[in-house]
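User: I want the labels on this model justified. Take each one and show me the cut-off behind it.

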Amino acid sequence: SRASFEEAGQKQPAVGHWRTLMPSKGSKEEPATGCQDAGGVDETQATEQLNVSRLRSSSVEIREKGSEFLKEELHKAQKELKLKDKECERLSKVREQLEQELEELTASLFEEAHKMVREANTKQAASEKQLREARGKIDMLQAEVTALKTLVITSTPSSPNRELHPQLQSPSKAVFRKGHGRNKSTSSAMVSAASQNVTPEPVSRECKEVDSILFAEFQAWKESPTLEKSCSFLDRIYQEDVGPCLDFTKQELSELVRVAVEQNTLTIEPVASQALPVVKVSTEECGGPKKCALSGLPRTCKHRIMLGDSGNYYYISPSCRARITAVCNFFTYIRYIQQGLVRQDVELMYWEVMRLRREMSLAKLGFYPSEM
């Protein structure tokens with residue numbers, strides 16, 4: 001504005017000039033005429049108006065540019081705020097997710113800890129149960145050993161115990177001994193030696209003849225012994241002996257007993273014995289001392305059975321115990337053969353299997369020893 005003002009002052013006519021308000025020292029001003037003063041005032045006003053308009057236009061322009069700049073800055077600030085809001089929202093979601101995962105992890109850890117504690121308690125209870133059972137068996141074995149010692153001590157040369165010396169028994173009793181036929185040559189020699197000194201008595205001998213079909217089936221099974229029912233040997237025995245022997249009045253319980261016998265998880269214990277371990281878990285005693293759980297008939301039950309580790313006891317009559325024992329004896333013997341523990345001739349093993357089958361048949365028909 002000053003430059004335009006000076007330019008306007010230079011272009012004024014020569015008839016007049018600007019009169020300074022503050023003349024410098026040593027300068028002298030000459031009086032101007034009235035026309036010159038009037039012309040100068042008009043020009044001054046025009047110049048001032050021009051300068052004012054220019055100032056206004058420049059100020060308006062400056063204001064517009066300033067407003068535009070502020071708008072741009074405001075827009076940028078708003079964008080930054082939106083970005084920050086989105087970032088805060090994302091971080092809050094991440095925090096909530098982490099808190100949820102932490103809660104789930106804590107819950108799973110507590111659940112795993114409780115599970116481990118329960119498993120430890122279960123294992124401890126099972127170990128205690130096995131320890132009690134082992135102690136009970138040890139007590140029973142110790143009692144048997146004591147009885148055997150007493151029996152051995154009572155046998156002297158002057159008065160020998162005939163139960164310990166079968167060669168001193170009569171031939172009829174020696175032939176029908178119980179148990180597996182071991183050391184046949186020694187026993188026969190002893191019997192022949194004793195028979196020379198003992199008066200012979202008439203003995204009803206039992207004749208035996210090998211069935212070719214049964215013996216062939218047994219030989220085929222003996223080549224690759226198994227406990228599967230698919231082989232013809234065991235299939236026949238299941239249909240003719242095991243099935244009928246374990247077919248009781250209570251069908252559901254009979255099936256459970258059969259499975260337990262096959263899996264070797266059935267336990268038989270006397271009712272009056274107090275030295276045997278007692279299971280801590282809640283037990284369900286089916287039947288009773290005066291009622292058989294398998295036949296449902298009123299019988300004096302001296303034994304009870306437990307299927308696996310269920311803790312449920314079932315009272316059984318002597319006849320049912322004889323049938324279950326006969327089947328268990330059969331399975332025990334064929335397991336021994338399968339494991340290679342029986343070192344006998346094939347024919348001797350065959351006759352032992354036939355003897356066990358006969359015991360199952362007799363037990364099914366109701367015959368059982370009086371000591372049961």
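The exchange below goes through the labels in turn.

User: What should I know about the model before the labels?

Analyst: This is a predicted model, in which local features need pLDDT of at least 70 and side-chain atom pairs count only at pLDDT 80 or more, while totals for chains, interfaces and linings use all residues. Residues are numbered from 1 along each chain as its sequence is written, and side-chain values use heavy atoms, with hydrogens and water left out.

User: How many helices and strands are in the chain, and what makes a helix or a strand here?

Analyst: The chain has nine helices and three strands. Both are DSSP runs, numbered from the N terminus: H or I of at least four residues for a helix, E of at least two for a strand. From the N terminus on, the order is α-α-α-α-α-α-α-β-β-β-α-α.

User: Why are α6 and α8 called roughly parallel or roughly antiparallel?

Analyst: The axes of α6 (residues 232-245) and α8 (residues 318-338) cross at roughly 155° and come within 9 Å. Axes are lines fitted to C-alpha atoms, for helices over the stretch in contact, with angles from 0 to 180 degrees between N-to-C directions. Angles under 35 degrees count as roughly parallel, over 145 as roughly antiparallel, 65 to 115 as roughly perpendicular and the rest as oblique. Therefore α6 and α8 are roughly antiparallel.

User: Which residues meet there?

Analyst: Leu234, Ile237, Tyr238, Val242, Pro244 and Cys245 of α6 meet Arg323, Val327, Phe330, Phe331 and Ile334 of α8. Contact means heavy atoms within 4.5 Å. The contact of α6 with α8 has 10 nonpolar residues, no polar and one charged. Ala, Val, Leu, Ile, Met, Phe, Trp, Tyr, Cys and Pro count as nonpolar, Asp, Glu, Lys and Arg as charged, and the others, Gly among them, as polar.

User: What makes the α8 and α9 pair roughly parallel or roughly antiparallel?

Analyst: The axes of α8 and α9 (residues 346-365) cross at roughly 165° and come within 8 Å. α8 and α9 are therefore roughly antiparallel. By class, their contact has 11 nonpolar, one polar and four charged residues.

User: Why are α5 and α6 called oblique?

Analyst: Their axes cross at roughly 125° and come within 8 Å. That angle makes α5 and α6 oblique to each other. Ile213, Leu214, Glu217, Phe218 and Trp221 of α5 touch Ser232, Phe233, Leu234 and Arg236 of α6.

User: How do you know whether Asn264 is buried or exposed?

Analyst: Buried means under 20% relative accessible area, exposed over 50%, and partly exposed in between (1.4 Å probe, protein chains only). Asn264 has 55% relative accessibility, so it counts as exposed. Asn264 lies in the loop between α7 (251-262) and β1 (266-270). Asn264 has a positive phi of about 60°, although it is not a glycine. Most residues other than glycine have a negative phi.

User: What label does Lys229 get, and what does it touch?

Analyst: Lys229 is partly exposed, because its relative accessible area is 36%. Lys229 sits in the loop between α5 (212-223) and α6. Leaving aside residues up to four places away in sequence, Lys229 touches Asp235, Tyr238, Arg258 and Glu262.

User: How many disulfides does the structure hold?

Analyst: The structure holds zero. A disulfide is a pair of cysteine sulfur atoms within 2.5 Å. For Cys328, the nearest cysteine sulfur is that of Cys245, 9.6 Å away, and Cys328 is in no disulfide.

User: Are Cys328 and Cys207 buried, partly exposed or exposed, and why?

Analyst: Cys328 has 21% relative accessibility, so it counts as partly exposed. Cys207 has 77%, so it counts as exposed.
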